[in-house]
Amino acid sequence: PNPASSSVYILSEELLYVSLLGVDGRIIVQSARIDQLDISSLSSGVYILTARDIKGRLVAVERLMKIE
């Protein structure tokens with residue numbers, strides 16, 4: 001997993017819709033047109049970050065580990 005403590009930066013040339021999910025599949029954050037995701041208020045643990053293009057196609061799935 002990619003470790004982070006306060007922010008996650010998302011670099012893409014295309015418009016992405018980003019979702020941050022708990023390991024149980026629950027949506028924690030969902031946003032469009034985002035290049036930075038503030039995770040400072042989340043509890044430590046593992047999360048799943050997904051990105052979809054404007055047509056709804058899944059373009060990326062990454063595991064994220066929130067650390068203090």
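## A seven-strand chain and its salt bridges

Among contacts (heavy atoms within 4.5 Å) in the protein chain between residues at least 6 apart in sequence, 54% join residues at least 24 apart. Please keep in mind that this is a predicted model, in which local features need pLDDT of at least 70, side-chain atom pairs count only at pLDDT 80 or more, and totals for chains, interfaces and linings use all residues. Residues are numbered from 1 along each chain as its sequence is written, and side-chain values use heavy atoms, with hydrogens and water left out.

**Overall fold**

The protein chain has seven strands and zero helices, giving the pattern β-β-β-β-β-β-β along the sequence. Here helices (H or I, at least four residues) and strands (E, at least two) are DSSP runs, numbered from the N terminus.

How does the radius of gyration agree with that of a compact globule? For 68 residues such a globule would be near 11 Å, and the protein chain has 11 Å, so the two agree. This radius is taken over C-alpha atoms, and the globule rule is 2.2 Å times the number of residues to the power 0.38. Along the principal axes, the C-alpha atoms fill a box of roughly 35 × 20 × 20 Å.

**Surface and charge**

Of the 68 residues in the protein chain, 29% are buried. Buried means under 20% relative accessible area, exposed over 50%, and partly exposed in between (1.4 Å probe, protein chains only). The chain exposes about 4,600 Å², with carbon and sulfur atoms supplying 50% of it; these areas come from the Shrake-Rupley method with a 1.4 Å probe, and for residues only the protein chains shown count as cover.

There are 7 positive and 8 negative side chains, and the centres of the two sets lie 6 Å apart. Lys and Arg count as positive and Asp and Glu as negative, while His and the chain ends are not counted. Each charge is placed at NZ of Lys, CZ of Arg, CG of Asp or CD of Glu.

**Salt bridges**

The structure holds three salt bridges, each a side-chain nitrogen of Lys or Arg within 4 Å of a carboxyl oxygen of Asp or Glu.

| Acidic partner | Basic partner | N to O distance |
|---|---|---|
| Asp24 | Arg26 | 3.6 Å |
| Asp53 | Arg57 | 2.7 Å |
| Glu68 | Lys66 | 3.9 Å |

Are Asp24 and Arg26 buried or exposed? Both Asp24 and Arg26 are exposed. In the next pair, Asp53 has 4% relative accessibility and therefore counts as buried, whereas Arg57 is partly exposed at 49%. In the last pair, Lys66 is buried, at 3% relative accessibility, while Glu68 is exposed, with a relative accessible area of 74%.
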